[in-house]
Amino acid sequence: MGAEKAELGMEELELEEGGGSPSPSPMTAAGKMQALDFEHIGSLAAVAESLSTGSKWRRALTSVRVVILQAKINQGWVFLFSLIGITPLAERLGYATEQLALYTGPTIGGLLNATFGNATEMIISLYALKNGMIRVVQQSLLGSILSNMLLVLGCAFFAGGLVHPSRDQVFNKASAVVNSGLLLMAVLGLMFPAVLHFTHSEVQYGKSEVSLSRFSSCIMLVAYASYLFFQLKSQRSLYSPIGEEEEVTEDEEEEKEITQGEAICWLFVLTIWISILSGYLVDAIQGASESLNMPVAFISVILLPIVGNAAEHASAIMFAMKDKLDITLGVAIGSSTQISMFVIPFCVVIGWIMGQQMDLNFQLFETATLFITVLVVAFMLQEGTSNYFKGLMLILCYLIVAASFFVHVDPDSTGDNK
């Protein structure tokens, strides 16, 4: 009897140390579950630790975490599936924005396109900025500009040229020149912080380039706001598509497929959905780089922007095949202008508010790549015509850029912080 009592006493002591009983109450289990954090992969570890030491459930959850989620190769799968999942959401976000713009008029519609047209890039960038991954922010935004100017515009010119092979397609040269000037201004804003840093000519090393970047970002935001006023209010005739003044009013009512309230609801839902997937995507970048044997720079500059530009890519090609080159340029070059003159300065200002040292020093390799790209595209647009050969040249230029970033080693060894 004494041995049995001692044995029972040891069992009770073990149960007390484990923090539970043979049949825990529902309130106790609910309290434990509310204390857990399911936002990241490490949440399984918290689940396992909350269970008793000898529990089979704890061992099973620990096994899943170690075997499936901690493996570097599985980080690559998380990244790829998140990449695939964001692509159709980005396209639908662009569609909902276009539908809402039909109800709000051209001025507010232009602001909506500026805000939501690159919403995927902004969400990914803000999430990475919150985690201190400044280089990922810089490279993904740079990649969006390069993708729009070379790949999207090149594919649109190429497809339009194949559909209309007997003649050159014509677009409004004046609006293309204005956009080229804004892109050169963006290059100017990115170049001086990089030159200031690499020539070691700062008044205060490490601080002057950040201060210059924040000042330049505010100037670029003012310039972009002035551009919107100039485009949508002051000089609307300058941006009228060639030969399509009468078609716009006839087609607007036919294109309204959902109501204004539905468009707003879908924008809200899709933005939240993309935000969730963007969190997994950004968290898995480093592991995906190791498991897929790809540089982080290649993933940030090439793969991420292709997903964010899915909507622009499809619509630009479609309009080019319909011989509506002005809309194609508005999608491709207009999106590049939005990112360079609005999204990048906006991220610098938001980083300033967050206490992150986000600046316009994109490093020499990236800045030189952007400068050469802007020059190439400006030369392609100066005649106001396009054909399949110009499109092919732009696509081949993008392949060279992609190969360059595949063999490029980022000067920051961590790839996250400056």
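This is a short talk on the fold, the salt bridges and the surface of one protein chain.

Let me start with a caution. What you see above is a predicted model.

First, the overall picture. The chain has 418 residues, and 46% of them are buried. It has 18 helices and 2 strands. Now look at the contacts between residues with a separation of 6 or more. Of these, 81% join residues 24 or more positions apart. The accessible surface comes to about 20900 Å². Carbon and sulfur atoms account for 66% of that surface.

Next, the record. UniProt has an unreviewed entry that lists "transmembrane region" for several stretches, including 176–199 and 327–354. What does the model show there? Take residues 176–199. The stretch is 96% helix and 0% strand. Its end C-alpha atoms are 34 Å apart. Then take residues 327–354. Here the chain is 100% helix, again with 0% strand. The end C-alpha atoms lie 37 Å apart.

Now the salt bridges. Side chains of opposite charge can pair when their charged atoms come close. How many salt bridges does this structure hold? There are 3. Let's take them in turn.

Start with E366 and R135. Their closest N and O atoms are 2.8 Å apart. E366 sits in helix α17, residues 364–381, and R135 sits in helix α8, residues 134–163. The two are 231 residues apart, so this pair links distant parts of the chain. Are these residues buried or exposed? Both E366 and R135 are buried.

Next, R167 and D323. Here the closest N and O atoms are 2.7 Å apart. Both partners lie in loops. R167 is in the loop between α8 and β1, and D323 is in the loop between α15 and α16. The residues are 156 apart in sequence, so the salt bridge ties together separate parts of the chain. R167 is partly exposed, at 37% relative accessible area. D323 is partly exposed too, at 25%. Why not call D323 buried? Because buried means under 20%, and D323 has 25%.

That leaves E383 and K390. The closest N and O atoms are 3.4 Å apart. E383 is exposed, with a relative accessible area of 55%. K390 is buried, at 10%. So this pair has one exposed partner and one buried partner, because 55% is over the 50% cut-off and 10% is under 20%.

Now two pairs for you to find on screen. Begin with S335, in helix α16. S335 is buried, with a relative accessible area of 3%. Which distance separates S335 from N148? In sequence, they are 187 residues apart. In space, C-alpha to C-alpha, they are 7.1 Å apart.

Then find V195, in helix α9, residues 173–198. V195 counts as partly exposed, at 36% relative accessibility. Q363 is 168 residues from V195 along the chain, yet their C-alpha atoms are separated by 8.8 Å.

Last stop, the surface. Which residues form a nonpolar patch here? They are W266, F268, V269, I272, W273, I276 and Y280. Together they have about 760 Å² of accessible area. Look at W266 in particular. W266 belongs to helix α12, residues 260–283. W266 counts as partly exposed, at 49% relative accessibility. Why not exposed? Because exposed means over 50%, and W266 has 49%.

Technical notes. Residues numbered from 1 in each chain as written. Predicted model: local features only at pLDDT ≥ 70, side-chain atom pairs only at ≥ 80, totals over all residues. Heavy atoms only, no water. Salt bridge = Lys/Arg side-chain N within 4 Å of Asp/Glu carboxyl O. Helix = DSSP H or I, 4+ residues; strand = E, 2+ residues; numbered from the N terminus. Buried < 20%, exposed > 50% of the residue type's maximum accessible area, 1.4 Å probe, protein only. Patch = residues over 30% accessible without salt bridge, like charges linked within 9 Å, V, L, I, M, F, W, Y side chains within 5 Å. Areas by Shrake-Rupley, 256 points an atom, 1.4 Å probe, with all protein chains shown as cover. UniProt positions renumbered as here; feature names shortened; annotations may be inferred. Contact = heavy atoms within 4.5 Å.
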